[in-house]
Each structure stands twice: as structure tokens, then as C-alpha cells.
Amino acid sequence: MTGTMPFRVGLTGTVAAGKSAVARHLAERGGAVIDSDELAREVVRPGSPAYARIREAFGSGVIGADGTIDRSALRAAAFADEPSRERLEEISHAGIRELRARRIAAAAAAGVRLIVEEVPLLFEVGLEDDYDMIVVVDAPRDVREARALASRGWTAEEFAAIDAAQLAASEKRRRADRVLDNRGDPAELDIAAHGLWREILQAAGGGGP
């Protein structure tokens with residue numbers, strides 16, 4: 001870590017492996033967490049350039065009754081084929097990168113020394129070199145599919161399409177500095193997250209937010 005820049009941890013993993021649950025555990029232990037899904041929602045708020053481009057690209061069917069993006073409808077439209085998915089990524093990722101840079105700069109100015117960034121597509125969009133440490137959260141495919149169907153209301157087809165569009169789990173694990181296996185229950189995850197937080201602090205030189 002050089003100068004006043006925080007130690008940056010990239011938290012990623014496979015679909016429905018439990019990245020957000022791990023991020024919550026780290027936040028409870030004092031981690032400064034930046035959530036890419038939160039940034040994605042902000043980027044496509046009504047009135048934003050990305051909102052207009054998404055409506056133009058995917059039609060009014062992805063707009064909810066309240067005028068905001070219907071994320072479920074947009075997901076179905078974007079993952080219908082490869083060009084559609086790439087189009088959505090092209091629209092949203094530039095805005096997300098800009099927002100993330102602002103959050104990091106603000107954190108650095110405030111003296112934050114360690115940031116955990118939850119980035120589902122970290123490897124897929126080429127952010128691997130941005131981080132001091134990369135953590136991959138993974139679980140067996142059948143466990144992840146069951147979670148997605150139960151907690152997110154996805155169909156098996158939706159899960160398969162989104163899972164297939166991402167880098168293979170084996171490759172994500174190979175590129176990681178640390179892999180957290182989240183196949184167990186919440187109590188097991190709590191223990192694993194506690195151990196992970198201690199490793200992060202050690203890697204960051206014993207500092208914290």
C-alpha cells in the first residue's frame with residue numbers, strides 16, 4: 001500500500017455462493033464495504049444516462065410501475081443472449097467504475113485504511129490488478145442453485161444462464177488469494193468470516209478502517 005491509499009480487498013465468487021453474506025460479516029467486524037450491486041442501482045436510477053440507454057436498448061418492458069428499472073425483467077432480457085448481456089455490461093460498468101473510484105477517494109480522504117469491495121464480476125471485467133488481495137466465495141453448484149431459487153425467486157433456467165455467463169468456478173478459485181467455501185450453515189460461515197477478517201487484517205499490516 002502506497003501513500004494514503006487504502007488496502008483494497010476484492011470480494012467476488014460464484015453465483016449465489018454468499019458473497020453478500022460474507023460482506024455483511026466483514027462489515028460487522030469493522031470493514032468498510034463497497035457493494036457493487038448498490039452502485040449498480042445508483043447508476044441506473046431514473047434520470048441517469050444509463051437509465052435512458054437501458055430503456056432504449058431493452059424497451060419499456062424493463063421499467064417497473066414505479067418508473068425504476070425492474071431488475072428481474074432486465075436480467076431476463078440481458079441474459080437472453082450474449083450480445084444483450086454484453087450490451088448491458090457496456091452501459092452499466094463505466095458508471096459503476098466511476099462511482100467506485102469516488103467512494104475510494106472519499107474513503108482515502110477520510111483516513112480509511114482498508115476497504116472490502118464486493119464485485120461479482122471482478123475477473124470478468126478485468127479488475128484483477130486493482131486489488132491487494134482477492135477473496136473468492138464459492139459453494140457447490142447444487143447448493144448455489146437451491147439458494148438462488150429459494151431466496152431470489154429465480155428459475156433453474158435463469159440460474160443456469162447467469163452461472164454459465166461467468167468465469168468457471170475452478171478458474172476463479174485458481175486466481176484467488178483466499179477461497180472461502182460457503183456450503184455450510186450460518187454458524188459455519190460466521191466462523192469462516194472471522195478467520196478471513198483476521199487474515200485480511202494481517203495482510204493489510206494489522207490496520208483496519
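**Close-up views of a predicted model**

**View 1. Contacts of A193 in helix α9.** Leaving aside residues up to four places away in sequence, A193 touches H25, L26, R29 and L180. The structure shown here is a predicted model. A193 belongs to helix α9. Its relative accessibility is 0%, so A193 counts as buried. V22 lies 171 residues away from A193 along the chain, yet the C-alpha atoms of the two are separated by 6.3 Å.

**View 2. H25 in helix α1.** H25 is part of helix α1, which covers residues 19–28. With a relative accessible area of 14%, H25 is buried, because buried means under 20%. When residues up to four places away in sequence are not counted, H25 touches L189, D190 and A193. The contact with A193 also appears in the list for A193, where H25 is named together with L26, R29 and L180.

**View 3. The open sheet and its edges.** The sheet is open and is formed by 5 strands, in the order β2-β3-β1-β4-β5, with parallel pairing. The edges are taken by β2 (32–35) and β5 (178–181); each has a single partner strand, so one side of each has no neighbour in the sheet. On average, neighbouring strands of this sheet are turned by 25° against each other, direction ignored.

**View 4. The pairing of β2 with β3, and two helices on the sheet.** Strand β3, residues 114–118, pairs with β2 in the parallel sense over 4 bridges. D35 has E118 as its bridge partner in β3. Helix α2 (residues 36–43) packs on the sheet and touches β2 and β3. The direction of α2 makes about 45° with that of β2. Helix α9, residues 186–203, also packs on the sheet, where it touches β1 (7–13), β3, β4 (133–138) and β5. The direction of α9 makes about 170° with that of β5.

**View 5. Helix α3 against helix α5.** Helix α3 (residues 49–58) and helix α5 (residues 82–109) have axes that come within 10 Å and cross at roughly 165°. The two helices are therefore roughly antiparallel to each other, since angles over 145 degrees count as roughly antiparallel. The crossing in which α3 passes α5 is right-handed. On the α3 side the contact is made by A50, R53, I54, A57 and F58, and on the α5 side by S84, R87, L88, E90 and I91. By type, the residues of this contact of α3 with α5 are 6 nonpolar, 1 polar and 3 charged.

**View 6. Helix α6 against helix α7.** Helix α6 covers residues 141–151 and helix α7 covers residues 156–165; they pack at an angle of about 125°, and their axes are 10 Å apart. The helices α6 and α7 are therefore oblique to each other. As α6 passes α7, the crossing is right-handed. From α6, the residues R141, R144, E145, A148 and L149 meet A156, F159, A160 and D163 of α7. The residues of the contact of α6 with α7 divide into 5 nonpolar and 4 charged, with no polar residue.

Conventions:
Residues numbered from 1 in each chain as written. Predicted model: local features only at pLDDT ≥ 70, side-chain atom pairs only at ≥ 80, totals over all residues. Heavy atoms only, no water. Pairing = 2+ DSSP bridges. Axes fitted to C-alpha atoms, helices over the stretch in contact; angles between N-to-C directions. Contact = heavy atoms within 4.5 Å. Parallel < 35°, antiparallel > 145°, perpendicular 65-115°, else oblique. Left-handed = near helix turned anticlockwise from the far one by under 90°. Nonpolar A, V, L, I, M, F, W, Y, C, P; charged D, E, K, R; others polar. Buried < 20%, exposed > 50% of the residue type's maximum accessible area, 1.4 Å probe, protein only.
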